[in-house]
Structure formats: structure tokens, C-alpha cells
Amino acid sequence: MGQKINAGKFLKFYDKFGIIFILIVEFLIFALASKNFMTSDNLFLVARQVSFTGIAAVGMTMVLLVGEIDISVGSILAFTGCLTATLITKQDVPMGIAILIAMLVSCVFGLTSGVLTAYLQIPSLICTLAMQTIIKGFTYLLTGGSSISGLPDNFKYTGQGFVLGFLPFPVIIMIVMFVLGFILLNKTYIGRRVYAVGGNKEAARLSGIKIKKVVMGTFVASGVTAGIAGVLMAARLGAGQPSIGSDFAMDVLTATVLGGVILQGGKGFVLNVLIGSFIIGILSNGLVMCGVLEYWQWIIKGLVLLFAVAMSNLKTGKQK
């Protein structure tokens, strides 16, 4: 009985303060472990790295809230970056139009996954796994497996530049995306429908909600946010890199689940996902700063994802 009470108190504490506690502890550990971690240059680097994960995590949040999953975001990130770079450098397409085309393509990718999942009833895990492979193939067909360089400075500014001389431009985009995500999910009828579908699909159907359209819409949002991250990543690297994004989906998923969005759907707060994104970004940066081998980084990140899912399941089980 005592163990159950203690477990209940722990889950209650974790539900309220867990991600903040993890973020603080993680920050302190790396600050003590590496003298270079707390430098202003490194902290700005962390913020910029977090922005790519955070932007895509806004869309992933919507997908998870309806009880689905999207693991194609890494391939979408790579393809949109390479497509934008190709259009600008090899087709002389104006930067704004090239970005718009890349966004439309990412929308089509998300729409395709949404249609296959919602209307053809293909499980989203299988569907987006297939889409991940298909999009990866398109990326290598587009680039021939080579980086697309020669991007102009005004484009690279969107990934490398600073606003007001100190705030990375991608961080501004991330903040805007989280604000929009918060408004959409918490202040509009669309958000109420997303939560309703994730909470109980049958009850949502009986109340007149068009479940298939809601599910499809979340995949479109995920595709677009991954596309935005891809364009910014290409600008950050100064080139379209077909190999980028191999671990991106895992980072985005881990950040989202750490932020309290449960895999079963219906519960989660998008602003907490921002904290989850910082946890993943600081973890990645801190491990590099401490000289941890890449192989161990994979192991640690995998364990963090398992921990996040386990805690999510424990909270869900307790609520039942």
C-alpha cells in the first residue's frame, strides 16, 4: 500500500514538475561536466539546434494528439532542404518562390500520409515508415546523393543570422510556430476537435466531428512544420544535404513525448513540448561537449525515449 502511495506521489510530481526538473538537472550536469557548455556561443548554438526540433515537434504534437504517429519528418526535412537548394542554385528560382514550392511539396507529403492513414486505414506507423523510405528515395534521385551548395547569403541568413544581434533567426520562427500551435490547439474549434478525436474517436464521431478530415489535417500540419525545419536546416548548413535528418524523427518524437503528449492521444500541452525540445537539444549538445562517443549518444537517446514513453504509459494507466 505504501509503495502504491509513493508511486502515486511520484507520478503526480512528475506530471506537474517532471520536465522542468529534468531540464534543470540536465543543465547543471553539463555545466559542471564541461567548462565550455555555459559559454554564450554554445548556448546560442543550443538554441539554434533546438529550433529545428521544436518547429517539427509542433506538428508532431498534433499527430500524437489524435492517437497517430509520423516518423517521416526526417525525410521531409531532408527533401525540402534539398529541393529548395536545387531550385535556387540550379533553376534560378527566386528564393521566396523556391521556399513556397518546398512548403507545398511538404504539404503534399503530409496530405498523402493523412489520406493513407485516415481513409485507407493503413496504420500510421506503417504508412509513415513507407513514406519515410519513399521520400528518402526522391531526395537521392533529386540530388544524386551529393550536397547542393552555392546558396546565396540572404537565404543562408534565415538559418545562420541573428535578430537584434543576438537571437538566432530560427529561434524566432520556432517561437512563432509554438504560439500559433498554442492558439490553434487551445483557442479554436479545430483544436477542440483534435483533442476530442484523440480522446475518444467514437464519441467524437457521434458528436458530428469528421474524424478522417481531422486526422488528415494533423498529418498536413506535421508535413508543413517538418518542411519549414528542412528549409531552415539547409540555410543553416549553407547547402541541401540528402543525408541529414536520419535521427531527426526520433529527436522530434522524444521531445514531444517528454513534453507530456501521450501516444494514445487526447492529452498534451504544446507549450510543454517546447521544454521537451530543449531537453533533447541540451542533451545532444552536452554529450558532444563532453566528448561522448556517437554510439553511446544513440544508446542514451534511445533510453531517454523509452523513459518518456514509460512515464507516459504510467500516467495514462494511473488515470484509468
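Helices here are DSSP runs of H or I, at least four residues long, numbered from the N terminus. The model is a predicted one. With that settled, helix α4 is a good place to start.

Helix α4 spans residues 95-118. Two of its residues serve as markers: Ile97 and Thr117. Their surroundings can be read from accessibility. Thr117 has a relative accessibility of 7%, so it counts as buried, the cut-off being under 20%. Ile97 stands at 45%, so it counts as partly exposed. That value falls in the band between buried and exposed, since exposed requires over 50%.

What does Thr117 touch, once residues up to four places away in sequence are set aside? Its partners are Glu68, Ile122, Ser124, Cys127, Val215 and Phe219. Ile97 offers a view of distance instead. Ile97 and Ile24 are separated by 73 residues in sequence. In space, their C-alpha atoms lie 42 Å apart.

Cys127, one of the contacts of Thr117, leads to the cysteines. The structure has 0 disulfides. Cys127 therefore has no such bond, as a disulfide needs two cysteine sulfur atoms within 2.5 Å, and the nearest cysteine sulfur, that of Cys107, is 15 Å away. Cys127 is buried, because its relative accessible area is 3%. Cys290 reaches 32% relative accessibility, so it counts as partly exposed.

Next comes the nonpolar core. In soluble globular proteins, nonpolar side chains tend to be buried together. The largest nonpolar core of this model has 83 residues. Which of its members touch the most other members? They are Val197 and Phe248. Phe248 is in contact with Phe52, Thr53, Ala56, Val73, Gly74, Leu77 and Ala229, leaving aside neighbours within four places in sequence.

Residue 248 also opens helix α11, which runs over residues 248-258. This helix packs against helix α12, residues 270-289. Two packed helices are described by the angle between their axes and the distance between the axes. For α11 and α12, the angle is about 130 degrees and the axes are 7 Å apart. Are the two helices parallel, antiparallel, perpendicular or oblique to each other? They are oblique, because the angle falls outside the other ranges: under 35, over 145, and 65 to 115 degrees. Their crossing is right-handed.

The residues that meet in this packing can be named on both sides. Helix α11 contributes Asp251, Thr254, Ala255, Thr256 and Leu258. Helix α12 answers with Val273, Gly276, Ser277, Ile279 and Ile280.

Definitions and conventions. Residues numbered from 1 in each chain as written. Predicted model: local features only at pLDDT ≥ 70, side-chain atom pairs only at ≥ 80, totals over all residues. Heavy atoms only, no water. Core = buried A, V, L, I, M, F, W, Y, C linked by side-chain atoms within 4.5 Å. Buried < 20%, exposed > 50% of the residue type's maximum accessible area, 1.4 Å probe, protein only. Contact = heavy atoms within 4.5 Å. Axes fitted to C-alpha atoms, helices over the stretch in contact; angles between N-to-C directions. Left-handed = near helix turned anticlockwise from the far one by under 90°.
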